[in-house]
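User: I should like to study this structure through a series of questions and answers. Please begin with the terms that a first-year student needs.

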Amino acid sequence: QVQLVESGGGLVQPGGSLRLSCAASGSIFSIDTMGWYRQTLGKERELVATIASRGRIRYADSVKGRFTISRDNAKNAVYLQMNSLKPEDTAVYYCNADLRRAILDDVRDYWGRGTQVTVSS
């Protein structure tokens, strides 16, 4: 079994900051890309940021300059530092990992259960 567990969500005022964490555990051989996505009611899940195993990073235009993604390969963890938060950043944030459970396995997509981020005064 593989589990991705997010933490760090909560309620914050506009202009504030939050740091999300996600750790992958279980039977894992290697992890390729890790990332964060978010979803609000009635909308499709959207990419926030991803980081590849060799460090290539991608951000959604809406978060560039405000959010920073990082990872700790030794801990199978990914982080999202969110600064200058806006009400439109309110969403459930999901951790994602593309990983292999064994050396000959295909890369598969795994998701966490999500953590709520609410930006409101």
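Analyst: Patches are made of residues with over 30% relative accessible area and no salt bridge, where like charges are joined within 9 Å and nonpolar side chains (Val, Leu, Ile, Met, Phe, Trp, Tyr) within 5 Å. A salt bridge is a side-chain nitrogen of Lys or Arg within 4 Å of a carboxyl oxygen of Asp or Glu. Accessible areas come from the Shrake-Rupley method with a 1.4 Å probe, and for residues only the protein chains shown count as cover.

The model is predicted: local features need pLDDT of at least 70, side-chain atom pairs count only at pLDDT 80 or more, and totals for chains, interfaces and linings use all residues. Residues are numbered from 1 along each chain as its sequence is written, and side-chain values use heavy atoms, with hydrogens and water left out.

User: Which residues make the nonpolar surface patch of about 390 Å²?

Analyst: One member, F29, lies in the loop between β3 and β4 (30–39); strands (E, at least two residues) are DSSP runs, numbered from the N terminus. F29 is partly exposed at 47% relative accessible area, where buried means under 20%, exposed over 50% and partly exposed in between (1.4 Å probe, protein chains only). Another member, I103, is placed in the loop between β9 and β10 (108–111) and counts as exposed at 60%. The patch is made by F29, I103 and L104.

User: How far apart in space are the C-alpha atoms of I103 and S30?

Analyst: Along the chain, I103 and S30 are 73 residues apart. Their C-alpha atoms are separated by 8.0 Å.

User: Which two residues form the disulfide?

Analyst: A disulfide is a pair of cysteine sulfur atoms within 2.5 Å, and the structure holds 1. In this pair the sulfur atoms are 2.0 Å apart, and the link is left-handed, with -80° about the S-S bond. One cysteine lies in strand β3 (residues 18–26) and the other in strand β9 (residues 91–100), so the pair ties together parts that are 73 residues apart in sequence. The two residues are C22 and C95.

User: Are C22 and C95 buried or exposed?

Analyst: The relative accessible area of C22 is 2%, and that of C95 is 0%. Both C22 and C95 therefore count as buried.

User: Which residues does L4 contact, leaving aside its neighbours within four places in sequence?

Analyst: L4 is found in strand β1 (residues 2–7) and is buried, with a relative accessible area of 8%. Contact means heavy atoms within 4.5 Å. By that rule, L4 is in contact with C22, A23, A24, C95, N96, A97, Y110, W111, G112 and R113.

User: Which strand supplies the largest share of the largest nonpolar core?

Analyst: A nonpolar core is a set of buried Ala, Val, Leu, Ile, Met, Phe, Trp, Tyr and Cys residues joined through side-chain atoms within 4.5 Å. Of the 31 residues in the largest core, W36, L80, M82 and Y93 touch the most other members. Several strands each supply at least two residues, including β5 (46–51), β7 (67–72), β8 (77–82) and β11 (115–119). The largest share, 5 residues, comes from β9.

User: What is the phi of N76, and what is that of S84?

Analyst: Most residues other than glycine have a negative phi. N76 lies in the loop between β7 and β8 and is partly exposed at 24%, while S84 is placed in the loop between β8 and β9 and is partly exposed at 40%. The phi of N76 is positive, near 50°, and the phi of S84 is also positive, near 50°.

Note on methods
Helices (H or I, at least four residues) and strands (E, at least two) are DSSP runs, numbered from the N terminus.
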